[in-house]
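Me: I have a structure open and would like to go through it. Can you take my questions as they come?

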Amino acid sequence: MAEVIIVKDQEEAGQIYGRAVADLIKSKPDSVLGLATGSSPLAAYRALARIVRDESIDVSRVRGFALDEYLGLPLDHPQSYHSTIHRTVVEPLGLDPEKVHVPGDILDGAPLEDGERIALAGPAYDRAIEAAGGIDVQILGIGTDGHIGFNEPGSSLASGTRVKTLAEQTRIDNARFFDDDISKVPTHCITQGIGTVLKARHLVLLAFGSGKAEAIEETVEGGVSAFCPASALQLHPHATIIVDEEAASRL
Ligand code: GLP
């Protein structure tokens with residue numbers, strides 16, 4: 001059973017994450033952070049960056065692996081998760097960009113037709129995480145349909161990193177980042193699998209607002225099911241779910 005913490009707002013949630021991760025980096029300077037995009041983790045990254053600065057914590061050896069990436073966008077596209085992770089995490093924290101990886105990096109905009117390269121990219125990413133010694137803390141957001149990373153409902157709970165088709169609802173939700181034009185939202189992605197996520201030693205899922213209430217109810221109180229990928233957190237020995245009152249309103 002995951003631990004659920006109800007907080008006042010995103011700042012309070014961010015402070016909990018920032019403090020825990022700063023202490024981790026102090027005790028293990030080459031910590032491996034699992035990183036996520038989306039709006040939910042932003043206050044957490046800001047809090048961590050503040051603590052790192054205030055306490056002059058050495059982050060030069062910290063490593064990072066992001067959860068997911070769109071397929072078909074060049075790495076330097078402003079909405080690629082490669083760009084997003086560098087803008088929201090690597091730069092504010094002062095991490096070594098060479099030590100932070102995003103699953104699409106080795107594809108760099110490869111076309112979907114390049115089947116062989118695409119098939120090899122997922123397993124190569126999982127091997128890189130293992131070679132780094134595994135992820136110490138994985139931060140997670142949650143989609144309104146219960147997805148984590150880009151593992152949409154129906155994803156195997158044992159899956160590794162692989163290429164997936166994006167659900168229509170996710171493309172609609174994410175059109176706001178592409179001039180509100182769904183035709184500009186990529187159709188495919190590469191994402192850590194649920195099995196990959198579950199290998200991290202500590203999972204921290206953040207959710208805010210009433211739009212996430214149903215997904216949080218399914219995650220915490222529903223049965224473990226591929227129809228709510230985040231419900232897999234119930235299988236993890238150390239999962240922390242931090243929500244505001246609105247996201248917790250159906251618990
Ligand atoms: C995207 C990302 C997910 C993220 C989700 C929710 O689909 N691939 O990793 O959790 O959006 O985003 P937000 O936190 O902005 O609600």
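The chat below covers the model, its overall build, two helix pairs and the ligand shell.

Me: What kind of model is this?
Reply: This is a predicted model, where local features need pLDDT of at least 70, side-chain atom pairs count only at pLDDT 80 or more, and totals for chains, interfaces and linings use all residues. Residues are numbered from 1 along each chain as its sequence is written.

Me: How many helices and strands?
Reply: The protein has 7 helices and 10 strands, taken as DSSP runs numbered from the N terminus (helices H or I, at least four residues; strands E, at least two).

Me: What is the radius of gyration?
Reply: The protein has 17 Å, which agrees with the value near 18 Å for a compact globule of 251 residues. The radius is taken over C-alpha atoms, and the globule rule is 2.2 Å times the number of residues to the power 0.38.

Me: At what angle do H1 and H2 pack?
Reply: H1 (residues 10–27) and H2 (residues 42–54) pack at about 50°, with axes 7 Å apart. Axes are lines fitted to C-alpha atoms, for helices over the stretch in contact, and angles run from 0 to 180 degrees between N-to-C directions. That makes H1 oblique to H2 (under 35 degrees is roughly parallel, over 145 roughly antiparallel, 65 to 115 roughly perpendicular, the rest oblique).

Me: And H2 with H3?
Reply: The axes of H2 and H3 (residues 81–93) come within 9 Å and cross at roughly 10°. H2 and H3 are therefore roughly parallel to each other.

Me: Which residues make that contact?
Reply: Leu42, Tyr45, Leu48, Ala49 and Val52 of H2 meet Thr88, Val89, Pro92 and Leu93 of H3, contact meaning C-beta atoms, placed from the backbone, within 7 Å.

Me: Switching to the ligand, which residues come nearest?
Reply: Gly38, Ser39, Ser40, Gly141 and Gly143, of the 14 around the ligand. A residue counts as near if its C-beta atom, placed from the backbone, lies within 6 Å.

Technical notes. Two residues are in contact if their C-beta atoms, placed from the backbone, lie within 7 Å.
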